[in-house]
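Hello,

I am passing a structure on to you. Please have it open as you read; my notes follow below.

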Amino acid sequence: MKSFEPEQFRRLFPLIVSNGASNLSVDKAPSLVYFDNAATTQKPACVIDCYRHYYQNFNANVHRASHNLSAKATTAFEQAREQVKHFINARSIKEIIWSKGTTESINLIASSLGQRVLSSGDELIITVSEHHANIVPWQLIAAKTGAVIKVLTLDKNGRVDLSDFDALLSHRTKIVCCAHLSNVIAKINPIDVLIAKAKAVGAITVIDGAQAVAHFPVDVQKLNCDFYLFSAHKMYGPTGVGVLYGKQLLLESMPPYQAGGEMIEKVSFNEATTFNALPFKFEAGTPNIAGVLAFSEALTFLSQYSTAQMRDYELQLTHYCYQALANISSVQFIVEQVADIPVISFTIKGHHNHDIATSLNSYGIAIRSGHHCAMPLMEYLQISGCLRVSMAAYNTIAEVDYFIRCLIKILEPESTDSDQISVKTNSAEKRHSNSEASTEIIAKLSQVKGWDARHREIMLLGKQLPRLDKTKRNDHTLISGCESLAWLMASKNSQGVYHFHADSDAKVIRGLLVIVLAALNDKTAVQIQSFDIDAYFSRLGLLQHLSPSRGNGVLAIVEKIKEITE
Ligand code: PMP
């Protein structure tokens, strides 16, 4: 086993090497600091290379053919399963089912186990800090079966509250669902106690290990859980591969989830179709062979290093970053005390999460803002969202220092910039013609080089947008994006000219709204419909910063404007 040397480890990740800098400076061109590892980690070269190697040397379908190539692919594929069995200390390879990821694993259990064990009035206990992936599949099956979901709350440190668990647990409890660690709170839940208590009333335990497996060893036999689920991509492996560990007896008792090739024993129109043995009963269709082999490569890669040393290093990063953030007076941590893995969630008093995340992005720092697919937790904590820094073993103390320096710079009171672009988009008394306003924006913004500086200009532009009266920021005018809120009001005069008022809770969105309204305000329906907004954003160099899937509010507003004027 190699001793874990952070700098050497880091050099094995091509994306980090080619985008990160060893000499980070607030005043230099931004280079990548990747702090979004809880969403997905970067991949080492050996995992990336594995794809080419597989497709070039032994691409064939598994389990199905009698030719050598298929035998070779099948052997490697099944060896990977064996490797996962050892990795989590399962009893048998029959207990290791491949899936697309944690989400699919949970959907499989909820659907298959749910239809077998749940009936009307039965109860499921789910913690309030679960990822949506460990909530919504259960809500669907509860609605179908008439089962009732009971929500387990947290103690003051953010771990599941065992006394609340005692109060919820009864002979009606059939299933208990809990994350080993929440992807926001990142404290190890007392799942050993939870599992033992659940067992005592005969309940089945489902543990979401998505955030655990990358950071410390997991022994499913020791835990004695019934199911344990995780994704390869959060532990240096590829996307699209996950694991469902389940106790053999339970898996055998469950009906198939998806149907098709591989999961059958015999198919007939004249007698009942019968199903394959475990684990294949739950693996319908051609699996993600290349992904499974790349995952196996990731496991081999990790097994070279001392887990204890890696964990020590990650905790060092966590404590260092936590302390540095704690020194900033406006930082408010989501829960008390430092996390158990390098994931730190917080908000900043007086600042919108989205503004902080986009400002950090302009320095090359990738962190996450929003609800982190844990809306019930946000509701419980009475916040609309939070910021999350999540690190991995290839991150460095220098990166933390750089992040903190940039954050402090962002939080400094803004200077009044006399050279600021001035656009009177919404002012009733002096409206520019829109072509004039949008041309002016294009001309001014194109003089500003680099996303960093452009981002600052956009934030300054936001100051020019008149606030929509509080009473008008309501459910009727709300257009919600994922990470921010935006409001829109429209009026039309007798000449058919539309005038819009828009607002947002995030400064950067307010700036972008100035840009949008400069193009679309005070125009007729025909003019609005024919305006090529994508080309406009593209000329401004903004297109890549407006993610349609995340719907950051601006695109939703554009859509709404087009809809109103259709
Ligand atoms: N559970 C937790 C705790 C997670 O953090 C995630 C990923 N953010 C998931 C489930 C879902 O994992 P995947 O998207 O890989 O299916």
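**Ligand site**

In this predicted model, a polar side-chain atom of Thr103 sits 2.5 Å from an oxygen atom of the ligand. Two further side chains reach nitrogen atoms of the ligand. Asp208 places a polar side-chain atom 2.5 Å from a ligand nitrogen. Lys234 does so at 2.8 Å.

Which residues surround the ligand? Thr103, Asp208 and Lys234 are among them. Gly101, Thr102, His131, Ala133 and Asn183 are also on the list. Ala210, Gln211, Ser231 and His233 complete the surround.

**Domains**

The chain is divided into two domains. Domain 1 comes in two segments, 6-43 and 309-411. Domain 2 runs over 428-564. Their C-alpha centres are 30 Å apart.

**The interface between domain 1 and domain 2**

On the domain 1 side, 13 residues make contact, and they meet 16 residues of domain 2. About 1200 Å² is buried between the two domains. Carbon and sulfur atoms give 48% of that area. Three residues stand out on the domain 1 side: His352, His354 and Asp355. They supply 41% of the area that domain 1 buries against domain 2, more than any other three residues.

What about charge and polarity? The rule finds zero salt bridges across this interface. There are, however, five residue pairs in polar contact between domain 1 and domain 2, with both residues at pLDDT 80 or more.

Which elements of domain 1 supply at least two residues each to the side that touches domain 2? Helix H13 (353-361) and strand E14 (368-370). H13 gives the most, with five residues. By type, the residues on this side of domain 1 divide into one nonpolar, 10 polar and two charged.

**Salt bridges**

How many salt bridges does the structure hold? The count is 17. One to look at is the pair Asp122 and Lys174, whose side chains meet at 3.5 Å, N to O. Asp122 lies in the loop between helix H5 (102-117) and strand E3 (123-127). Lys174 is in strand E5 (residues 173-179), so the pair ties together parts that are 52 residues apart in sequence.

**In brief**

Thr103, Asp208 and Lys234 are the side chains to view at the ligand. For the interface between domain 1 and domain 2, start from helix H13, which gives five residues to the domain 1 side. Then turn to His352, His354 and Asp355 for their 41% of the area that domain 1 buries there.

Best wishes

Conventions
Residues numbered from 1 in each chain as written. Predicted model: local features only at pLDDT ≥ 70, side-chain atom pairs only at ≥ 80, totals over all residues. Heavy atoms only, no water. Domains from an automatic or database assignment. Contact = heavy atoms within 4.5 Å. Buried area = accessible area lost by both parts, 1.4 Å probe. Salt bridge = Lys/Arg side-chain N within 4 Å of Asp/Glu carboxyl O. Polar contact = N/O pair within 3.5 Å; in protein donor to acceptor, adjacent residues only side chain to side chain. Helix = DSSP H or I, 4+ residues; strand = E, 2+ residues; numbered from the N terminus. Nonpolar A, V, L, I, M, F, W, Y, C, P; charged D, E, K, R; others polar. Near = heavy atom within 4 Å.
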